[in-house]
Amino acid sequence: MAEYQRPQSEQDFDRNFKQKKPLMNQTEAFTESSRCLFCYDAPCMHACPTHIDIPLFIKQIHTGNVAGAAETIYDMNWMGNACGKVCPTQVLCEGACVHNHAHVKPIEIGRLQNYATHQVMSSGERLFQKGRPNGKKVAIIGAGPAGISCACELCVLGYDVEIYEAKYKPSGLTAHGTAPYKITNEEALAEIEYLQEQLGFHIHYGVSIATEAQLQDLETRYDAIFLGVGIGPTSSLHLQGEDFENVIGAVEFVEALRFKKHHIQMPQNVVVLGGGNTAMDAASESARMGAERVYLAYRRSKDDMGAYSFEYDLAVGAGVQGVFNASPKEILGEGKATGVRFVQTRQENGTLVEVPGSEFVIACDMVIKATGQTKMGALLQQIRGLELDASKRIVVDPGTFQTGNPKYFAGGDAVNGGAEVVNGAYEGKQAALGIDQYLGV
Ligand code: SF4
């Protein structure tokens with residue numbers, strides 16, 4: 001039975017996709033910041049991939065220096081606002097907060113971070129300055145969290161930066177692939193605008209860098225190139241029926257939902273295949289769009305899922321039903337999916353095996369595949385000297401993020417295989433420092 005009514009208007013959509021981390025008001029921020037113990041050697045700070053000085057910015061909020069708090073955040077993380085909303089804080093900074101040891105609710109670090117950064121963004125208060133021009137130019141491929149962070153850091157260091165983005169909007173997965181109840185499009189885009197307005201990097205939209213000739217042209221015109229290309233479309237499962245019209249990749253589904261909102265036609269019965277965080281997002285969103293029944297089918301056990309347990313709980317809370325040890329064998333139908341045929345699995349001596357005679361069918365009128373994404377191998381193979389690992393991720397120096405081709409640096413999902421926005425932000429910034437070291441200006 002559906003927990004959510006089908007949204008008929010933008011207001012309905014916003015109600016169904018109510019923000020998980022709503023913006024704090026001044027009183028809430030003051031009260032919450034007063035609970036912080038301002039720990040020496042704060043564990044929250046070590047748990048943050050970008051190592052923001054969390055006790056310092058919380059103290060700044062508490063003493064009314066909100067712009068100073070935002071500056072402390074941006075000093076380490078150019079995606080400070082987005083990360084406050086989309087980071088899995090439960091397993092990062094908030095998960096490490098000392099209050100957990102006393103079974104007291106941890107400090108709401110993400111919401112406080114969002115409070116400070118939102119305030120400077122909405123007031124337009126300027127915090128950054130482009131560095132004195134050093135005469136060097138850097139091209140960035142991809143305007144996702146890694147590319148934007150790299151651009152910001154380079155601009156502060158005095159580089160002339162141009163970004164090439166295949167889509168018509170920036171921010172990569174923050175705006176295109178994150179569940180709408182984590183961050184709105186407006187918020188994701190407002191942060192890029194805020195940074196761009198002060199730092200002056202240029203973004204060429206609708207320009208897909210795909211050929212060797214294009215890469216060679218960039219190599220001629222720029223002193224260094226940063227690859228923030230992310231990962232590609234949803235991988236194929238090589239199942240019969242996968243090409244049916246109502247079989248869609250999870251990332252493609254989330255992207256369409258974020259931009260079309262209530263105009264998406266959501267069928268009654270949905271099967272989501274996968275056990276990662278993207279699968280949880282897709283299942284939860286299907287339920288919030290008013291689907292009557294949403295099944296989340298995973299071929300291994302519940303404990304084996306790659307998703308955070310709080311993401312699964314969120315999906316279940318939205319009305320999603322988990323089906324475990326169910327391996328998809330075929331998508332049934334004629335041109336249109338009408339069901340998925342599964343076989344049950346079990347572990348035998350550490351190996352997943354199919355249980356003979358255990359096949360069953362779940363009827364549905366939409367299948368969402370959340371079973372991983374392809375890598376940008378075709379583009380990357382055209383770059384001389386670039387090394388890829390067995391999973392087709394770019395191999396980089398862990399300190400400088402320089403690739404096997406010294407002119408190219410890389411960060412984000414193309415390097416880490418698909419992680420959080422905060423990891424992309426960290427890697428983009430570190431790569432900018434690596435570029436600066438390489439160019440030696
Ligand atoms: Fe404050 Fe918790 Fe961090 Fe300590 S661990 S500084 S209480 S947020």
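**Note on the predicted chain**

1. For a chain of 441 residues, a compact globule would be expected to show a radius of gyration near 22 Å; the value for the chain is 23 Å, which agrees with that expectation. The model under review is a predicted one.

2. Regarding overall extent, the C-alpha atoms of the chain occupy a box of roughly 70 × 55 × 50 Å when it is taken along the principal axes. The secondary structure consists of 18 helices and 14 strands.

3. Of the 441 residues in the chain, 54% are buried. As for contacts in the chain, those between residues at least 6 apart in sequence may be considered: 72% of them join residues at least 24 apart.

4. How do the axes of helix H14 and helix H15 cross, and within what distance do they come? Helix H14 covers residues 277–288 and helix H15 covers residues 309–317; their axes come within 8 Å and cross at roughly 15°. Angles under 35 degrees count as roughly parallel, and H14 and H15 are therefore roughly parallel to each other. The crossing in which H14 passes H15 is left-handed.

5. The residues that form this contact can be named for both helices. H14 contributes Asn277, Met280, Asp281, Ser284 and Arg288, while H15 contributes Glu311, Tyr312, Leu314 and Ala315. Sorted by class, the contact of H14 with H15 comprises 4 nonpolar, 2 polar and 3 charged residues.

6. Is Asn114 buried or exposed? This residue belongs to helix H8, which spans residues 109–123. Its relative accessible area is 1%, and since buried means under 20%, Asn114 is buried. Leaving aside residues up to four places away in sequence, Asn114 touches Leu23, Asn81, Lys85 and Glu187.

7. Gln265 is located in a loop, namely the one between helix H13 (250–260) and strand S6 (269–273). The relative accessibility of Gln265 is 71%, and because the exposed class begins over 50%, Gln265 counts as exposed. Gln265 and Gly372 are 107 residues apart along the chain, and a distance of 24 Å separates their C-alpha atoms.

8. To summarise for a reader new to this structure: the radius of gyration of the chain, 23 Å, agrees with the value for a compact globule. Helices H14 and H15 make a contact that includes Met280 of H14 and Leu314 of H15. As for the two single residues discussed, Asn114 is buried, whereas Gln265 counts as exposed.

Technical notes: Residues numbered from 1 in each chain as written. Predicted model: local features only at pLDDT ≥ 70, side-chain atom pairs only at ≥ 80, totals over all residues. Heavy atoms only, no water. Axes fitted to C-alpha atoms, helices over the stretch in contact; angles between N-to-C directions. Helix = DSSP H or I, 4+ residues; strand = E, 2+ residues; numbered from the N terminus. Parallel < 35°, antiparallel > 145°, perpendicular 65-115°, else oblique. Left-handed = near helix turned anticlockwise from the far one by under 90°. Contact = heavy atoms within 4.5 Å. Nonpolar A, V, L, I, M, F, W, Y, C, P; charged D, E, K, R; others polar. Rg over C-alpha atoms; globule rule 2.2 N^0.38 Å. Buried < 20%, exposed > 50% of the residue type's maximum accessible area, 1.4 Å probe, protein only.
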